[in-house]
Amino acid sequence: MKTGRNILAIMLLAMLAACSSMECPLNSMVRLNYGVYNASQQRDTLIDTTTISTPRKTGIDSVLVNRLYKDSTFTVPVSYTNERDTFFFDFKSNENVARRDTVVVSKTDRMHFESIECAATYFHTISGVSTTTHAIDSVVIYNKEVDYDSSKEHFRIYLHPRD
């Protein structure tokens, strides 16, 4: 009887040791982080109310960020497997002057696995960015690797000065 308990205890310990303690990330979404800067490369804020959207296959734009105002940073989600992501930046001044710019981010995607217990996600390498220039002067790639690190600034966006 005592030998049976010892064997049972050893089997229980072996099963506990075999279990994985891997914890999957709670937020497995990756995002593009933008910082707003002025011409002298100092951190600045948005002085126009800004809405950011992206086109969908249905033909209706999907709003990603609604009515930013006086923010110096913002984030937008990145698609998992598109070669390019298109974003519409709609700027509206206090005088109701509306301007729209289109920002296109080119990237390569790579599947990322934490563990077999966790769902796969995608990390990205930014290969280029282009923009129209109605309100935006330029967008500069600051950090091209996009992963879980939400503290990384990926882009610096420079706006035209307003009169």
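This section describes the fold, strand pairing, nonpolar core and selected loop residues of a predicted model.

The protein chain, with 163 residues, of which 31% are buried, contains one helix and 10 strands. Read from the N terminus, the elements follow the order α-β-β-β-β-β-β-β-β-β-β, that is, the helix precedes the strands. Among contacts between residues at least 6 apart in sequence, 54% join residues that are at least 24 apart. The chain exposes about 10500 Å², and carbon and sulfur atoms supply 53% of this area. The average pLDDT of the chain is 85, and 83% of the residues score at least 70. Over residues 15-21, however, the pLDDT is below 50, and in the model this stretch has one contact beyond near neighbours in sequence.

Four of the strands form an open sheet in the order E4-E1-E10-E8, in which the pairing is mixed. Its edges are formed by strand E4 (73-77) and strand E8 (136-141), each of which pairs on one side only. On average, and with direction ignored, neighbouring strands of this sheet are turned by 25° against each other. Within the sheet, strand E1 (residues 31-37) runs antiparallel to E4 and is joined to it by five bridges; in this pairing, the bridge partner of Tyr 34 is Phe 74 in E4.

Further pairings involve strand E2 (residues 49-54), which is antiparallel to two other strands. With strand E5 (residues 84-92), E2 pairs over five bridges in the antiparallel sense, and Thr 50 has Phe 91 of E5 as its bridge partner. With strand E3 (residues 62-68), E2 is joined by four bridges, again in an antiparallel arrangement, and here Thr 54 stands opposite Ser 62 in E3. Five of the six residues of E2 are buried, so this strand is largely enclosed by the rest of the structure; the criterion applied for burial is a relative accessible area under 20%.

Later in the chain, strand E6 (98-112) and strand E7 (121-131) pair over 10 bridges in the antiparallel sense, and Ser 106 has Gly 128 in E7 as its bridge partner. E7 also pairs with strand E9 (residues 145-146), antiparallel and over two bridges; in this pairing, Thr 125 stands opposite Glu 145 in E9.

In soluble globular proteins, nonpolar side chains tend to be buried together. The largest nonpolar core of the model has 24 residues, and those with the most contacts inside it are Leu 32, Tyr 34, Phe 74 and Phe 89. At least two residues of this core are supplied by each of E1, E3, E4, E5, E6, E7, E8 and strand E10 (155-159). Two of the residues with the most contacts inside the core, Tyr 34 and Phe 74, are also bridge partners between E1 and E4. When residues up to four places away in sequence are not counted, Leu 32 touches Phe 74, Thr 75, Val 76, Val 78, Phe 87, Val 105, Ile 126, Val 146, His 154 and Phe 155.

His 154, one of the residues touched by Leu 32, is found in the loop between E9 and E10. With a relative accessible area of 0%, His 154 is buried. Beyond residues up to four places away in sequence, the contacts of His 154 include Arg 31, Leu 32 and Asn 33, together with Ile 126, and they extend to Val 140, Ile 141, Tyr 142, Asn 143, Glu 145 and Val 146. Among these, Glu 145 is the residue that stands opposite Thr 125 in the pairing of E7 with E9.

Two further loop residues have positive phi values without being glycine. The phi of Gln 41 is near 60°, and Gln 41 lies in the loop between E1 and E2. Gln 41 counts as exposed because its relative accessibility is 51%, the criterion for exposure being a value over 50%. Lys 70, which is not a glycine either, has a positive phi of about 60° and lies in the loop between E3 and E4. Lys 70 likewise counts as exposed, at a relative accessibility of 55%, whereas His 154 in the loop between E9 and E10 is buried.

Notes:
Residues numbered from 1 in each chain as written. Predicted model: local features only at pLDDT ≥ 70, side-chain atom pairs only at ≥ 80, totals over all residues. Heavy atoms only, no water. Pairing = 2+ DSSP bridges. Axes fitted to C-alpha atoms, helices over the stretch in contact; angles between N-to-C directions. Buried < 20%, exposed > 50% of the residue type's maximum accessible area, 1.4 Å probe, protein only. Contact = heavy atoms within 4.5 Å. Areas by Shrake-Rupley, 256 points an atom, 1.4 Å probe, with all protein chains shown as cover. Core = buried A, V, L, I, M, F, W, Y, C linked by side-chain atoms within 4.5 Å. pLDDT = per-residue confidence, 0-100.
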